[in-house]
Amino acid sequence: MLFGFPIVLRDVEFFCRNCGELRNCARLSRNLELYSQDNSVVFMLCQTCQNSWQLFSHDFAEYIDVQSLGQTVQIPGISKITVGDWLYLPDIARKGRVSARFRSGDTERFTVELENRRLEIVAPSPQSGLESWLAKGLYLFIDDFSLLKVGLWIFHCGRNQAALVVGLFRQPNREAYLRLQDGSIIKVSETQTELSANPLTPLGSELGQIANEYGVRLSEIRRGEKALYLFGTCDSLQHSRYFLKQIQNMFPDCIIWDEIQIRTLRKRDDLDIEKDVLRKLKQSISEPIIGLTITCKQNELKIGGWIESQAALDDWDASLVEIPGLRALLWEFSPMPVPTSDDRGLKLKLEKSLRESGFLRDKKIFVRCLNGEIFLDGFLDHPLQKQAATVALAWWGRNLKVHNNLWVLPK
């Protein structure tokens, strides 16, 4: 389990090296402002096999200045080409600038100015419904591995095809996976000396002393490139978290991999744990979790939703790990979309309607409007109050789409 990476930025298609094919993978980060620095850590978590891989924000095309990668080119028969574009000619492995363009039926004719000559090129017209990358141009890839960024479209000169970078790995050797225009997947490797693990004898002695203070029994410690792997057991999730936070403070530049198993003295009913969660969230919550979801299986708790900031996350975490019998606590948050001015105006009107409802007057209900959809979040004492909230908003129109995520507190 990854310690300290609760934000799910979004799910993307990524090549899972363990599964050997493209999979739906979650992109995990430490916080909502992940990409403020180009060395921010990102983890790709395969939703099928649960394997994960460490990357950095500068490994993703959408979070870097792509102009720094060099000049893009257009490709005959693939790209939308206009006069003045740079055109790459695969047959002669040269690029030139388009000085004239003519279209006739299903073909296009170009005049291309090379260094010392002029060529007339005839190519089929590109198909309709082209992706935006074709209009913007492609980066030529010959053997420069540093060019490869996840999500970047390139033109693979050796394969004579456009390709999308769908996988990137750093260890044990740097390699990337490309999805070619014909749908096939190929691997591109860069020879790199494998990094040896740092000696752990003095480190293990120091960590062992700290672990004993928190009741953590370490069985194994491994250290990789800017990563620390901790294996062991503990009787309390709360004590385990205290230990991990202290280790994170000692090694701020390391990623802490939490492989400490929580072995509680007694197993609790999952429903009882969920009830404790609701009570604690109502007491400690300072801002809403939009679309709050709570699931508990085998005493392992998962909480999801949208959040507007990360300020309260540490408080929630510190409160919930106190719940007896809890073996794991996972947060799966996504950044909150930005509401429009119309959304904000509608929100004020709906909040007024809820305040004027006698059944809900003293209840703290959070209202969020996103693209005309209404999200109600908060905690109530009775199921009828949840129904009353929906009824109070019904006066604003039958077509109003309301997501009533209000939770009724257990007795």
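A strand here is a DSSP run of E with at least two residues, and strands are numbered from the N terminus. With that in hand, we can take a look at this predicted model.

**Two glutamines with an unusual angle**

Let's start with the backbone. Most residues other than glycine have a negative phi. Gln 298 goes the other way, with a positive phi near 55 degrees. You'll find Gln 298 in the loop between β17 (290-297) and β18 (300-307). Gln 50 also has a positive phi, about 70 degrees, even though it isn't a glycine. Its place is the loop between β3 (41-46) and β4 (52-56).

Are these two buried or exposed? Gln 298 counts as exposed because its relative accessible area is 54%, and the cut-off for that label is over 50%. Gln 50 has 49% relative accessibility, so it counts as partly exposed.

| Residue | Phi | Relative accessible area |
|---|---|---|
| Gln 50 | about 70 degrees | 49% |
| Gln 298 | near 55 degrees | 54% |

**A gathering of rings**

Now for the aromatics. The model's count of aromatic pairs is five. One pair is Phe 169 with Tyr 177, whose ring centres are 5.9 Å apart. Their planes make an angle of 90 degrees, which means the pair is edge-to-face, a label for angles over 60 degrees. Both Phe 169 and Tyr 177 are buried.

Which residues join these two in one aromatic cluster? Phe 14, Phe 15 and Trp 53 do, along with Phe 169 and Tyr 177 themselves. Phe 169 has a charged partner as well: the charged end of Arg 17 sits over its ring, 4.2 Å from the centre.

Technical notes: Residues are numbered from 1 along each chain as its sequence is written. This is a predicted model: local features need pLDDT of at least 70, side-chain atom pairs count only at pLDDT 80 or more; totals for chains, interfaces and linings use all residues. Side-chain values use heavy atoms; hydrogens and water are left out. Helices (H or I, at least four residues) and strands (E, at least two) are DSSP runs, numbered from the N terminus. Buried means under 20% relative accessible area, exposed over 50%, partly exposed in between (1.4 Å probe, protein chains only). Rings of Phe, Tyr and Trp (its six-membered ring) pair if their centres lie within 6.5 Å; planes under 30 degrees apart count as stacked, over 60 as edge-to-face and the rest as tilted. A charge sits over a ring if NZ of Lys or CZ of Arg is within 6 Å of the ring centre and within 35 degrees of the ring normal.
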